[in-house]
Amino acid sequence: MTTSASVPTEPEDAIAAERTVTDRLVDANGKYAAAFTDPGMDARPVLRVAVVACMDARLDLHAALGLELGDCHTIRNAGGVVTDDVIRSLTISQRALGTRSVALIHHTGCGLESLTEEFRHDLQMEVGQRPAWAVEAFRDVDQDVRQSMQRVRTSPFLVHTDDVRGFVFDVTTGLLREIDPA
């Protein structure tokens with residue numbers, strides 16, 4: 001498999017040294033836009049599902065789940081944890097845009113398994129202000145998926161909580177393992 005990390009880059013001349021990764025992204029967008037045609041979709045996902053997952057770059061959710069453009073809403077954050085902001089996004093997804101199902105996807109080898117809430121203290125010491133948000137670190141990925149399922153199922157803002165399922169994606173095999181909510 002080829003990744004952008006393994007693709008050779010431009011020579012290290014003066015102009016290339018001044019370019020940033022964001023410049024590369026903007027250039028790639030120009031090529032994309034040149035061949036782009038409006039798919040004629042609205043913001044409502046065809047499959048009426050919202051997927052909440054970790055932001056880990058190893059997770060290619062569309063490929064792993066057989067999804068196409070327009071099939072789902074994808075909400076990603078560190079750990080794929082159900083935070084207040086995830087509830088906000090799910091509420092809009094359900095109430096304004098018609099989703100009915102929620103799939104929660106954590107993964108093996110998550111960086112949040114190696115952090116603690118001490119991370120917030122370290123930030124406070126460095127910048128002089130304690131973050132208002134929680135790290136949401138965890139030691140047991142299965143238990144964290146269960147906690148996330150429970151947060152979705154008990155939110156008073158969500159109207160569709162009967163089809164909420166949780167999974168752990170194995171980053172070495174690509175397989176999903178479903179987590180029993182009990």
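This report describes one helix and three buried residues of a predicted model.

**Helix α6**

Helix α6 runs over residues 141-154, and its 14 residues reach 20 Å from the first C-alpha to the last, which is close to the 20 Å expected at 1.5 Å a residue. Within α6, the residues Val141, Asp142, Asp144, Val145, Ser148, Met149 and Val152 are buried. They lie on the same side of α6, because they cover an arc of only 165° around the axis. The general pattern behind such an arrangement is that an α-helix has 3.6 residues a turn, so residues three or four places apart point the same way. The partners against which the buried residues of α6 pack are α4 (84-95), β3 (101-107), β4 (164-169) and β5 (176-179). At the start of the helix, a side-chain oxygen of aspartate 140 comes to within 3.0 Å of the backbone nitrogen of aspartate 142.

**Serine 93 and threonine 99**

Two of the elements just named, α4 and β3, are joined by a loop that holds threonine 99, while serine 93 has its place in helix α4 itself. Serine 93 counts as buried because its relative accessibility is 2%, under the cut-off of 20%. Threonine 99, at 1% relative accessibility, counts as buried too. The polar contacts of these two residues are set out below.

| Residue | Partner | Distance |
|---|---|---|
| Serine 93, side chain | Histidine 73, side chain | 2.7 Å |
| Threonine 99, side chain | Serine 93, side chain | 2.8 Å |
| Threonine 99, side chain | Glutamine 94, backbone nitrogen | 3.3 Å |

The side chain of serine 93 is thus joined to that of histidine 73 and to that of threonine 99. When neighbours within four places in sequence are left aside, serine 93 is in contact with Ala50, His73, Gly98 and Thr99. For threonine 99, not counting residues up to four places away in sequence, the residues touched are Pro45, Arg48, Val49, Ala50, His73, Ser93, Gln94 and His160.

**Isoleucine 105**

Isoleucine 105 lies in strand β3, one of the elements against which the buried residues of α6 pack. With a relative accessibility of 1%, isoleucine 105 counts as buried. Not counting residues up to four places away in sequence, isoleucine 105 touches Val51, Val52, Ala53, Cys54, Leu59, Leu61, Leu65, Phe167, Phe169 and Leu176. One of these contacts, leucine 59, is 46 residues apart from isoleucine 105 along the chain, and the C-alpha atoms of the two are separated by 9.7 Å.

Methods:
Residues numbered from 1 in each chain as written. Predicted model: local features only at pLDDT ≥ 70, side-chain atom pairs only at ≥ 80, totals over all residues. Heavy atoms only, no water. Helix = DSSP H or I, 4+ residues; strand = E, 2+ residues; numbered from the N terminus. Expected span 1.5 Å × (residues − 1). Buried < 20%, exposed > 50% of the residue type's maximum accessible area, 1.4 Å probe, protein only. Arc of directions from axis to C-beta. Contact = heavy atoms within 4.5 Å. Polar contact = N/O pair within 3.5 Å; in protein donor to acceptor, adjacent residues only side chain to side chain.
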